[in-house]
Amino acid sequence: MAIEEITTATPRKSITASLFPLSKAPDANLLSLPKPAHTFSESMMQENIENAEIIVRKWDPNSPSLEKFTSLFQENRTEAQELINCVEDLRRAMHFLIAQRSGSNWLVSANNLMKIAMLRLEKEFYYILSANRDCLKPESVSSDSSHLWRSLSFSNSDEEVDDDRVQSDGDEQTKVERAISDLKMIAESMIKSGYSKECGKIYRITRKSIVDEELYRLGIRSFNLSQIIRMDQKALEHQVSRWIEAAKVAVRVIFRSERLLCDQVFAVSETIKQTCIAHTTMEGAINLFKFPEIMAKIKRSPDKIFLLMNLFDTASDLSPEIESIFSYESLSPIKLQALSSIHKLRDSAQTILSEFVSSIQKNSSKTPIAGGGIHPLTYSVMDYVSLLAENSGTLSSILADEENTAQSPFPESYFNSASGVASRLAWIVLVLLCKLDSKAELYKDIGLSYLFLTNNLQFIVEKVSSTALKLLLGQEWMSQIQKKVKLYAGNYESAAWAKVISTLPAENESSAAAIKEHFRKFNSAFDATYRKHTSWVVADPKLRNEIKTSIARKLVAAYRDFYDRSYVAILSGEKNLEILVRFSPDNLGNYLSDLFHGSVEESWNSSPTSTSQSKLRCF
């Protein structure tokens, strides 16, 4: 017959007085029981029961002499230890009597004494948990965790506690450590005596209320998809930021300290330990780790990826601690929820990237940008890609599973890197470059189409060189794009100014009529080109000066040579030449200096502001 069969617990009704009903006292005083013939061992057991009765009845919580409950562990720790020792003696005596004299009245009496002792320990256990609510808060348990294991080592042996050592805790044993050591002592005694359910119930109800309160204070709630969908972008950003901070505290302080506390209090029973930690943390942890999964399900848009990446980064960073804290089989639903959220965040972020690339390819704007300036698509894509580059560490983790299977989408001549993030960002830029090629075809003037490509590629170069993209894409990639910029700028010059330069004779002219005709053709061609180009734009100031210098070096030099040979040597004696020869070489250079300004300052410097206010609207 097991002890549990004899020590059936009295039903409990609530966490306070209802948890502890009056236990039925023994019918007769043990000291008056007749003593039949017995062995020496039996005499020892009976003596233990008699000695235990004195201590147990003294601290019977239902005794009329105890009008008000006073914690034995707080007021008289020596007698508290004696009570624990009495319970152990009763337990041993009951084991002996069950085996040797199962029908003995001593067994019945010992069982009744055990009920009284257990009722007392239940009340002590609840009192310590409640009275030390503040010092047993997660942050207190967590901050003292480095000392807890050492200070509790005495509880693992059968040696009596030195009351003087406990009371003079000083630097070695804090109030937190004392409370935990008392809880552990009581729990061990109750569990060994067959009262594990009663002990566990008190712990679960009391501690869950503390854990839930702390999580609520952090703002951890049970959200559903409809609630998240109704939030605007600002509210979502606030909620994500709040979740990130709350998750760190919840995992590293609240759940960690609860696991630590539970492991120590119920060190004697793996089953009770797992049951209690599951009860106190399951609901709150599931609510916490479910939020990222819900966020992954909301309507996808390019800017949402940064919220998902922040969530992914935090969840992944906490993953080892989650695995450690919730390592018990009973806590596997929590680990599965956290893992599910990480996978859903990764899948959603990958989908957003794929849809973003697709949106570039599908951009159907047919309106050429005035003056060959920078296309809104270029602004938005490069701003987006540069932000992705700033989060390259998180993005690398998100793309990790793709790196092992995906083949390079472009030839090695364009880009070759072992980095999955660098390859993905280079691919996005390549898709943009291809789209810009198609946008350039919208211009009827081939010179303007080349100027458009020059402007946009130069913006890409500048964006890459001034952000984290520079390290990812590398100098070799940068050099390729810079060569393209020079090529397109050269093509623009040839297409736009070749006709003007062609009006100047390649060889010396001796005929005044022929010279005059060359001046007329030059004036007409230069006027038309100049008027057209005053509305064209070169956004980058440095590039603008380089292009104007290059044009001047070719055009002004050729014109000066023609001017000196023809006007000075042959036509200088004729009248009204100012009508025919409208430009001096120096004056021609001044005209060129006025080119390519258009709305340049607005175009070049407005990128960060315009794109932040209307990010990705062009998609």
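Among contacts in the chain between residues at least 6 apart in sequence, what percentage join residues at least 24 apart? The share is 82%, where contact means heavy atoms within 4.5 Å.

The model is predicted; local features need pLDDT of at least 70, side-chain atom pairs count only at pLDDT 80 or more, and totals for chains, interfaces and linings use all residues. Residues are numbered from 1 along each chain as its sequence is written, and side-chain values use heavy atoms, with hydrogens and water left out.

**Figure 1. Overview of the chain and its 27 helices.** The chain has 0 strands; helices (H or I, at least four residues) and strands (E, at least two) are DSSP runs, numbered from the N terminus. Of the 619 residues, 50% count as buried. Buried denotes under 20% relative accessible area, exposed over 50%, and partly exposed in between, with a 1.4 Å probe and protein chains only.

**Figure 2. Confidence along the chain, with a mean pLDDT of 80.** pLDDT is the predictor's confidence in each residue, from 0 to 100, and 77% of the residues reach 70 or more. Residues 1-33 stay under 50, and the model has 69 contacts beyond four places in sequence for them. Residues 164-172 also stay under 50, with 10 contacts beyond four places in sequence. Where pLDDT is low, the predicted coordinates should not be read in detail.

**Figure 3. F125 within the largest nonpolar core.** A nonpolar core is a set of buried Ala, Val, Leu, Ile, Met, Phe, Trp, Tyr and Cys residues joined through side-chain atoms within 4.5 Å. This core holds 170 residues, of which F125, F255, F266, M295, L388, W497 and F526 touch the most other members. Leaving aside neighbours within four places in sequence, F125 contacts L183, I186, A187, C199, I202, Y203, V265 and F266.

**Figure 4. Packing of helix α14 against helix α16.** Helix α14 spans residues 304-325 and helix α16 residues 376-390; the angle between them is about 5 degrees and their axes lie 11 Å apart. The two helices are therefore roughly parallel, a term for angles under 35 degrees (over 145 is roughly antiparallel, 65 to 115 roughly perpendicular, and the rest oblique). I305, F306 and M309 of α14 make the contact with Y384, L387 and L388 of α16. Axes are lines fitted to C-alpha atoms, for helices over the stretch in contact, and angles run from 0 to 180 degrees between N-to-C directions.

**Figure 5. Surroundings of G284 in helix α13.** Helix α13 comprises residues 270-297. G284 has a relative accessible area of 6% and is therefore buried. Not counting residues up to four places away in sequence, G284 touches L215, I220 and F255. The C-alpha atoms of G284 and V211 are 7.9 Å apart, although 73 residues separate the pair along the chain.

**Figure 6. I49 in helix α2 and K521 in helix α22.** I49 belongs to the helix of residues 40-58 and is buried, with a relative accessible area of 0%. Its C-alpha atom is separated by 8.3 Å from that of S109, 60 residues apart along the chain. K521 belongs to the helix of residues 512-533 and is partly exposed, at 45% relative accessibility. K521 and T503 lie 18 residues apart in sequence and 5.9 Å apart in space, C-alpha to C-alpha.

**Figure 7. Cysteines C86 and C434.** C86 counts as buried at 8% relative accessibility, whereas C434 counts as partly exposed at 47%. The structure holds 0 disulfides, a disulfide being a pair of cysteine sulfur atoms within 2.5 Å.
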